[in-house]
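Reader: I've got this complex open in front of me and I'd like to talk it through. Can you take my questions one at a time?

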Amino acid sequence: MSDAHVHAAAHPLADGHGLAADHGHAHHPALQHHFETMSQQREAGVLGMWVFLLTEVLFFGGLFFAYTLYRSWYFDAFAAASKSIEILPGLINTVVLIASSLTMALSVRASQTNQRKATVNWLLATIVLGTVFLGIKVYEYADKFAHHHVPGASFQFAHVPGPGEAHEEPAAVGHVTTMGPDELERTTQLFFSLYFVMTGLHALHMIVGIVILFIITWMAHKGRFDSEWHAPVEMTGLYWHFVDIVWIFLFPLLYLVERHN
Amino acid sequence: MDTPVFPAHNYLSNGHGLKSWLLTKDHKRIAVLYLISISAFFFLGGLFAVGIRLELTTPQGDLFQPDTYNKFFTLHGIIMVFFFLIPSVPAVLGNFLIPPMIGAKDLAFPRINLLSWYLYVIGGVFTLFAIIAGGVDTGWTFYTPYSATSSNSNVAPVALGVFIAGFSSILTGLNFIVTVHRMRAPGLHWFKLPLFVWAHYATSLIQVLGTPVVAITIVMLFTERAFGFAIFDPQRGGDPVLFQHLFWFYSHPAVYIMILPALGVISELVSTFSRKRIFGYSFVAFSSLAIAIFGFIVWAHHMFVAGISVYSAMVFSFLSFSVAIPSAVKVFNWAATMHRGSISFETPMLYVYGFFGLFLIGGLTGLFLATLGTDIHLHDTYFVVAHFHYIMVGGAIMGYLGGLHFWWPKIFGRMYSEFWSRISAILVFAGFNLTFFPQFLLGYMGMPRRYHMYPDEFQVLNVLSSAGASILGLGYLLPAIYFAYSLKYGEVAGNNPWGASGLEWRTQSPPLTENFVEVPTDIPEAYEYTPKVVREAKLV
């Protein structure tokens, strides 16, 4: 908590500059008037971004809390519903998203080392990968609509036994199923509601991220960033990695419940 | 003594016309925008309160239909909580004062600051739309399953409005946290900060950590209502009590969003008008953080009768008591500050006295409600209504008004009428007690909240309460008049009309857009009221 001392030393006012009369030396064009130095501006931005990500953790946290509660109450319904989801698209998306985090990190690195062209290219690669993710997500959603797996009036869910559990008594699966088919159909709606809210909000964050990436790419193309000022690329990166991490949690929680059976 | 001159160059004169206000990035102008908009919402919320108190003057439901009455108390609650109390002190006084108090030119993110005001306004527009479209009747708490499936009123637009206004609150908190960390003048370390800043820092932590949770809760409610999803719906296995947990995880700390900044104001006023350094500075500073932390682990005391387990209820009861400790630390330290101080009785200090009385009663009755046994009896009665009005209105609004009277000369550079402002402070205190004290008795006798009718024997106390409300209303209207009058005709205030010690009093009133001509470098200890300093301040 002693950060005031840190930038007090680097503070231009500490060596006698007045506010009105400190235009003797050239400022970086990106320096906003209410900051004294570029490092102060950058530190403020990065701290702000981390605080924002903290709010995002709590935002998604409410959903994870609801998920945990209902999963422990209705495990059979969650397992049955999860098994009805195709794994492959989700798996591809996981790989795509991790790859996009790599390209994002490379663009941050390129902006730090004054490589304008590389910055732009890595950012464009990130946009492409993000768009691929969303495209696959659209396919998955369409599939849910086709199978009436969207909660609401037209919801239908018939538990199709997987190859390993065909014709087995429920007790042999590992734990006792106490749910009849009606109750299963009702409570799987909890799973699919959470599925849509969680992946929907995640996709919304991706869309926002892609819009920001376009703006950042344009700014990078115009040569706004250099080794001294690249905070926007850095902060977009933080945001993008966060969205990536949310997916890393969503994938196993939604796609992989009880798959080992 | 020279008569002070109104400074020709200041933040108000720097740019004219609507555009210069609506596109401003100056934290002081944004504070004024907030002042105007929250005052409008306060007035609107007050109108609904007038309706409630009129209906309750008679035992029969003779003024409104029952569902109209439901909409009145719902809208009163939603507007006052989300559109007045939560933004009040931070968005107006905090916004205006934190940068000059820490010797900065602006908040860390001026554009985000403006965005937060726009989000507030957009959220407000959704709520106003819902009012025009027929209102909403769920109570401000939006409990499911009623709000999700049964209510035929405009739940979705209001929920959306509250959701958007929540982000305005998050962004204000984020801005304050970064500003306090990164924008302090050289040499201004944490323990030289005014306690007002500490209180806002603690408040911001709650805003940043709590508000996203209510936001996601509203999203879940919204999907249930708009798309027929199942999250809290008991017919499909959902748990309405989960909604209550998530809602109160934010909404209990939200009470501290309302009261903590007011506590910060009180620390400033007590010290200034006692001419004495605050007693136990670091205890008062850390008690703000303690309240913010304890505030997050007491939420289930709203749910003692909602079917939670007895053991968790006992734990939450115990934890709720613990909030009393940091609150009492503050009150005792203020009392110790005043002890042998050189106390004066200007209007802001009158509000402090009012605050002491109301906060004490509000806080102590909170202990009744944290006690499991008594809460079973008092739950959902007028006792609860009286208790939270003593905290949120008696505490938070007294702090807000005291602060507004204290910093008004700084914000607009002119003094208001001391005579009328004292009258209004006394009216507010008397009217408030007459309105809400009878409600403790009503609740104790068993009158439930949220009904438009009641048995005949409750009428005397209800009439007293309504009579008090009209005095209170007058007390709130008076400042609107003399403040408006002072803008043009008030005496020029000068830099430091109260002889106060904070950095914000070192600059002109109203301040320059950059706040200071030169960023102050000789930072004194906070609340330096040595006899010499006081003598010199009085000469200025």
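Reader: Let's start with chain A: what percentage of its residues are buried?

Author: Bear in mind that we're looking at a predicted model. A residue goes into the buried class if 20 or more other C-beta atoms lie within 10 Å of its own. Chain A has 261 residues, and the buried share of them comes to 33%.

Reader: What is chain A built from, helices or strands?

Author: Reading from the N terminus, the order of elements is α-α-α-α-α-α-α. The strand count in chain A is zero, and the helix count is seven. That leaves us with helices.

Reader: How much of the contact in chain A is between residues 24 or more positions apart?

Author: Here the pool is contacts in chain A with a separation of 6 or more. Within that pool, the pairs 24 or more positions apart account for 80%.

Reader: Where in chain A is the confidence lowest?

Author: The chain averages a pLDDT of 85, and 82% of its residues score at least 70. At the high end sits helix α4 (residues 87-112) of chain A, with a mean of 97. At the low end, with a mean of 41, is helix α1 (residues 3-9) of chain A.

Reader: Which stretches of chain A have a pLDDT below 50, and how many contacts do they have beyond near neighbours in sequence?

Author: One is residues 1-24, with 31 contacts of that kind in the model. Another is residues 164-176, where the number is 10. Where pLDDT is low, the predicted coordinates shouldn't be read in detail. So, to keep them straight: residues 1-24 with 31 contacts, and residues 164-176 with 10.

Reader: And chain B, plus the complex as a whole: what scores do they get?

Author: In chain B, 98% of the residues score at least 70, and the average pLDDT is 94. For the complex, the predictor gives a pTM of 0.92 and an ipTM of 0.93.

Reader: Which helix of chain B gives the most to the side that touches chain A?

Author: The contact takes 38 residues from chain A and 44 from chain B. On the chain B side, α7 (155-182), α8 (195-227) and α9 (240-274) each supply at least two residues. That side divides into 27 nonpolar, nine polar and eight charged residues. The top contributor, with 11 residues, is α8(B).

Reader: How does that helix, α8(B), run against α10(B), roughly parallel or roughly antiparallel?

Author: The axes of α8(B) and helix α10 (residues 281-295) of chain B come within 9 Å and cross at roughly 15°. Angles under 35 degrees count as roughly parallel. The crossing itself is right-handed. The two helices are therefore roughly parallel.

Reader: What sort of residues make the contact of α8(B) with α10(B)?

Author: From α8(B) the contributors include B:Leu195, B:Trp198 and B:Ile206. From α10(B) they include B:Val284, B:Leu289 and B:Gly295. The split is 11 nonpolar, two polar and no charged.

Reader: Back in chain A, why does α4(A) count as roughly antiparallel to α7(A)?

Author: Angles over 145 degrees fall in the roughly antiparallel class. The crossing of these two is left-handed. Helix α7 (residues 231-255) of chain A packs on α4(A) with the axes 10 Å apart, and the angle is about 165°.

Reader: What is the residue split in the contact of α4(A) with α7(A)?

Author: Among the residues from α4(A) are A:Ile87, A:Thr94 and A:Met104, and among those from α7(A) are A:Glu234, A:Trp240 and A:Asp244. The tally is 11 nonpolar, seven polar and two charged.

Reader: Is B:Phe84 buried or exposed?

Author: You'll find B:Phe84 in helix α3 (residues 66-85) of chain B. Leaving aside neighbours within four places in sequence, B:Phe84 is in contact with B:Ile38, B:Phe41, B:Phe42, B:Gly45 and B:Ile79. B:Phe84 has 24 C-beta neighbours inside 10 Å, so the verdict is buried.

Reader: Last one: which residues is B:Ala262 in contact with, leaving aside its neighbours within four places in sequence?

Author: B:Ala262 is in helix α9 of chain B. With 27 C-beta neighbours inside 10 Å, B:Ala262 counts as buried. The contacts you're after are B:Val89, B:Gly395, B:Ala396, B:Gly399 and B:Tyr400.

Terms used:
Residues numbered from 1 in each chain as written. Chains lettered and ligands numbered in written order. Predicted model: local features only at pLDDT ≥ 70, side-chain atom pairs only at ≥ 80, totals over all residues. pLDDT = per-residue confidence, 0-100. Helix = DSSP H or I, 4+ residues; strand = E, 2+ residues; numbered from the N terminus. Contact = placed C-beta atoms within 7 Å. Buried ≥ 20, exposed ≤ 12 C-beta atoms within 10 Å, placed from the backbone. Nonpolar A, V, L, I, M, F, W, Y, C, P; charged D, E, K, R; others polar. Axes fitted to C-alpha atoms, helices over the stretch in contact; angles between N-to-C directions. Parallel < 35°, antiparallel > 145°, perpendicular 65-115°, else oblique. Left-handed = near helix turned anticlockwise from the far one by under 90°.
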